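Thanks for making time this morning. I have one model to walk through, and I will go from the overall fold down to single residues.

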Amino acid sequence: MAIPRDPDRLVFFTDAVVAIAITLLVLPLVDVVPQAAQSGLSATEVVTEHQPEIFGFLLSFAVICRLWLVHHNFFRHVRAYSRPLIMCNVGWLLTIIVLPFPTEMVGVYGGDRFTAGFYIATILLAVLFQTGLELVVRADPELASETAPPPPESLPGSVTAAALLAVALLLAVAFPLLNYWTMLLLFLSPTIEKAWHRHRA
């Protein structure tokens, strides 16, 4: 059953958790500085000797920002919430909270097969939970905004992103040299969505 209450509290809680998770990403880099000083590294070497950690941080920062933007824009079309909606949102938050863990592994193990698979799988789960949010709201008219319901193109976008991430995961595991580069498949999403809409029309 829908809970006839503005979902602002749920959104504020979600935003706070995302803010904490995105802040945690930089803490390993902060810890590197005193360790580097004790090892006699110069300020320049702090950066040059820790490029994998910096890459992991920047990648995850961009990923979390993108996931949050999609989530934030989606809740503009929600006017109430239900238990299934809350559970999908909790699942989405879990993936965001977990993401700093594989991010740290990226810095330590680089393109290791398991690390790349773990990292991409975490993002895939986030997109699947976002797709779940879309399905829950579309299945219950009492949840969607009466003046601004979810746009029809948002669900195909989520499904396309999930499918491309699933392919990226399989490729990263099957061909370790490709590792995180397989996520570039996501750039195909707009083209696939346009083709889908043309087919439906």
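**Fold, cores and two salt bridges**

The protein has nine helices and two strands. Keep in mind as I go that this is a predicted model. Reading from the N terminus, the order of elements is β-α-α-α-α-β-α-α-α-α-α. The C-alpha trace covers about 60 × 40 × 25 Å along its principal axes.

Next, some totals. Of the 201 residues in the protein, 42% are buried. If you take the contacts with a separation of 6 or more, 78% of them are between residues 24 or more positions apart. The exposed area of the protein is about 11500 Å², and 70% of that comes from carbon and sulfur atoms. On charge, there are 11 positive and 15 negative side chains, with the centres of the two sets 12 Å apart.

Now the interior. In soluble globular proteins, nonpolar side chains tend to be buried together. Here the largest nonpolar core contains 31 residues, and Val63 and Tyr119 have the most contacts inside it. Which elements give two or more residues to this core? They are α1 (8–24), α4 (51–74), α5 (83–98), α7 (113–139) and α8 (154–174). Helix α7 provides the largest share, seven residues. A second core of 14 residues lies apart from that one, and Phe74, Phe75, Cys88 and Val137 are among its members.

Let me go back to Tyr119. Setting aside neighbours within four places in sequence, Tyr119 contacts Leu59, Ser60, Val63, Leu99, Pro102, Thr103, Val106, Tyr180 and Met183. Val63, on that list, is the other residue I named for having the most contacts inside the largest core.

Staying with α7, Thr122 is also in that helix. Is Thr122 buried or exposed? Its relative accessibility is 6%, so Thr122 counts as buried. Beyond residues up to four places away in sequence, Thr122 touches Thr95, Val98, Leu99 and Pro102. Leu99 and Pro102 were in the Tyr119 list too.

Over in helix α8 we have Leu165. Leu165 is buried, because its relative accessibility is 1%. Which residues does Leu165 touch, not counting those up to four places away in sequence? They are Ile120, Ile123, Leu124, Val127 and Leu186. For a sense of distance, Leu165 and Gly111 are 54 residues apart in sequence and 17 Å apart in space, C-alpha to C-alpha.

On to charged pairs. The structure holds two salt bridges.

One joins the side chains of Arg79 and Glu146, at 3.9 Å from N to O. The cut-off for a salt bridge is 4 Å, so please read that figure with the cut-off in mind. Arg79 sits in the loop between α4 and β2 (81–82) and Glu146 in the loop between α7 and α8, so the pair ties together parts that are 67 residues apart in sequence. As for exposure, Arg79 counts as partly exposed at 35% relative accessibility, and Glu146 counts as exposed at 67%.

The other is between the side chains of Glu134 and Arg138, at 3.4 Å from N to O. How are these two placed along the chain? They are four residues apart in helix α7, so about one helical turn separates them. Arg138 is partly exposed, with a relative accessible area of 33%. Why does Glu134 count as buried? Because its relative accessibility is 2%, and buried means under 20%. Leaving out residues up to four places away in sequence, Glu134 touches Phe74, Ser154, Leu155 and Ser158. Phe74 came up earlier, as one of the residues in the second core.

Last, a backbone point. Most residues other than glycine have a negative phi. Asn179 is not a glycine, yet its phi is positive, at about 25°. Where is Asn179? It is in the loop between α8 and α9 (189–200). Asn179 has 13% relative accessibility, so it counts as buried.

To sum up, α7 gives the largest share of the largest core, and it also holds the Glu134 and Arg138 pair. The Arg79 and Glu146 pair, by contrast, joins two loops. That is what I have.

Terms used. Residues are numbered from 1 along each chain as its sequence is written. This is a predicted model: local features need pLDDT of at least 70, side-chain atom pairs count only at pLDDT 80 or more; totals for chains, interfaces and linings use all residues. Side-chain values use heavy atoms; hydrogens and water are left out. Buried means under 20% relative accessible area, exposed over 50%, partly exposed in between (1.4 Å probe, protein chains only). Contact means heavy atoms within 4.5 Å. Accessible areas come from the Shrake-Rupley method with a 1.4 Å probe; for residues, only the protein chains shown count as cover. Lys and Arg count as positive and Asp and Glu as negative; His and the chain ends are not counted. The place of a charge is taken as NZ of Lys, CZ of Arg, CG of Asp or CD of Glu. A nonpolar core is a set of buried Ala, Val, Leu, Ile, Met, Phe, Trp, Tyr and Cys residues joined through side-chain atoms within 4.5 Å.
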